[in-house]
Amino acid sequence: MSPTSEPDLAAYCLMLGDDALIMSHRLQEWCTMAPELEDEVALANIALDLLGQARELLTRAGSADGSGRSEDYYAYFRGEDEFRNVWLAELRCTDFGQLIAALLVFATWRLALLQQLTGSSDEMLAALAAKAVKEVTYHRDYAARWAVRLGDGTAFSHDRMEAGLAHVWPYVPELFVAHEVEQRLAAAGTGADPAGARAEFEEILGQVGAAATLEVPKIVPEASSPGRDGVHTEAMAPLLAELQGVARTDGEATW
Amino acid sequence: MSEPVWPLYEVFVRGRRGLNHVHAGSLRAADDQMALHNARDLYTRRNEGVSIWVVRSDLITASSPDEKDPFFDPAGDKIYRHPTFYTIPDDVPHI
């Protein structure tokens with residue numbers, strides 16, 4: 001564990017880790033809610049993959065900021081304004097079409113970032129990315145297959161998938177805004193540049209959209225990424241209440 | 001509205017190179033490709049497999065339990081059909 005404090009790296013690990021943790025929680029909410037048992041297991045698998053990534057990244061944040069705090073501290077004992085995830089991760093999805101759209105966007109974006117991170121100058125980030133690329137490739141594939149199946153299915157399923165994409169799209173521009181921490185780390189060869197992920201994102205979404213007979217909207221660039229600065233939507237507080245409730249109620253709980 | 005039920009598939013997983021595919025269980029899927037992916041999610045979560053086969057259950061022709069006696073019992077007392085009269089070296093695996 002490095003005794004020196006690397007605040008940028010710590011902040012960056014929280015960003016990537018919180019994206020995975022919060023998205024994982026949203027996927028876990030579909031346990032007992034998925035349309036088929038087989039998909040319930042698939043969604044739980046994806047949630048577990050992301051949780052695994054979150055654990056390593058939050059642990060790394062604790063060593064990088066010099067505090068030595070554990071993954072549990074970051075997951076359970078931070079306030080809402082200390083979370084650094086993008087808004088897309090906390091977005092509530094109550095329809096399967098919305099969930100598939102959110103997962104497709106999230107996985108496509110994250111995979112493009114992870115591919116950059118396999119060449120990171122930080123050994124831990126590079127190793128994590130090499131492992132996570134395989135996982136997230138499957139997540140993207142899973143979501144893309146469902147998007148095509150629904151979009152190119154019946155008129156009813158097409159409308160549901162289209163509505164799902166419309167539900168998610170307002171949260172897409174934020175994904176490609178580079179926070180100043182991300183800019184500095186990308187310049188140093190440690191982090192990934194979100195702006196650099198956009199070309200691949202648009203290409204993949206274009207391919208899936210064409211196969212799914214869905215019109216994929218253009219990305220209207222945005223200037224800020226509020227989630228990266230700890231400003232969240234109203235969906236975040238109830239999510240954290242559920243995520244953190246047990247740990248905060250019973251200080252001696254173990255898991 | 002009655003819910004249409006997806007067809008049943010049987011799943012065969014090969015654990016390691018050089019071994020046979022072994023029946024792992026069954027699942028429901030809308031088509032072959034979905035069956036393959038569902039099999040990956042249901043039956044290889046704990047690193048069980050390197051290869052998966054799926055086949056629609058209604059494509060399998062199976063022996064009937066009613067015919068069990070004429071089918072299998074006559075083989076029971078013909079020990080000379082079993083290759084038990086020579087020894088297998090300890091270092092020959094999977095036999």
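**Helix α9 of chain A, the sheet of chain B and the contact between the chains**

Reader: Which residue follows α9(A) and has a positive phi?
Author: This is a predicted model: local features need pLDDT of at least 70, side-chain atom pairs count only at pLDDT 80 or more, and totals for chains, interfaces and linings use all residues. Residues are numbered from 1 along each chain as its sequence is written; chains are lettered from A, and ligands numbered from 1, in the order in which they are written. Helices (H or I, at least four residues) and strands (E, at least two) are DSSP runs, numbered from the N terminus. After α9(A), with a phi near 50°, comes Thr213(A).

Reader: How far apart are the end C-alpha atoms of α9(A)?
Author: The helix covers residues 198-211, which is 14 residues. The expected span is 1.5 Å times one less than the number of residues, so α9(A) should span 20 Å. The model agrees, with its end C-alpha atoms separated by 20 Å.

Reader: Within what arc do the buried residues of α9(A) fall?
Author: Buried means 20 or more other C-beta atoms within 10 Å of the residue's own; exposed means 12 or fewer, and partly exposed lies in between, with C-beta atoms placed from the backbone. The buried residues are Phe201(A), Ile204(A), Leu205(A) and Val208(A). They line one face of the helix, because, seen down the axis, the directions from axis to C-beta atoms fall within an arc of 95°.

Reader: Which helices do these buried residues of α9(A) pack against?
Author: The face turned away from the buried side carries exposed Ala199(A), Glu203(A) and Gly206(A). Contact means C-beta atoms, placed from the backbone, within 7 Å. On the buried side, the partners are α5 (96-117) and α6 (123-151) of chain A.

Reader: Which residues does Thr233(A) touch, leaving out those up to four places away in sequence?
Author: Thr233(A) lies in the loop between α9 and α10 (236-249) of chain A. With 14 C-beta neighbours inside 10 Å, it counts as partly exposed. Its C-alpha is 7.8 Å from that of Glu90(A), 143 residues away in sequence. The residues touched are Trp87(A) and Glu90(A).

Reader: Which strands stand at the edges of the chain B sheet?
Author: The open sheet runs β2-β1-β3, with antiparallel pairing; strands pair if DSSP finds at least two bridges between them. Each edge strand has a single partner, so one side of each is left without a neighbour in the sheet. These are β2 (21-28) and β3 (51-56) of chain B.

Reader: What angle does helix α1(B) make with β3(B)?
Author: Axes are lines fitted to C-alpha atoms, for helices over the stretch in contact, and angles run from 0 to 180 degrees between N-to-C directions. The sheet's twist averages 25° from one strand to the next. Helix α1 (residues 32-43) packs on it, touching β1, β2 and β3 of chain B. With the direction of β3(B), that of α1(B) makes about 130°.

Reader: Which helix gives the most to the side of chain A that touches chain B?
Author: The contact takes six residues from chain A and eight residues from chain B. Four on the chain A side come from one helix, residues 37-64. That helix is α2(A).

Methods: Two residues are in contact if their C-beta atoms, placed from the backbone, lie within 7 Å.
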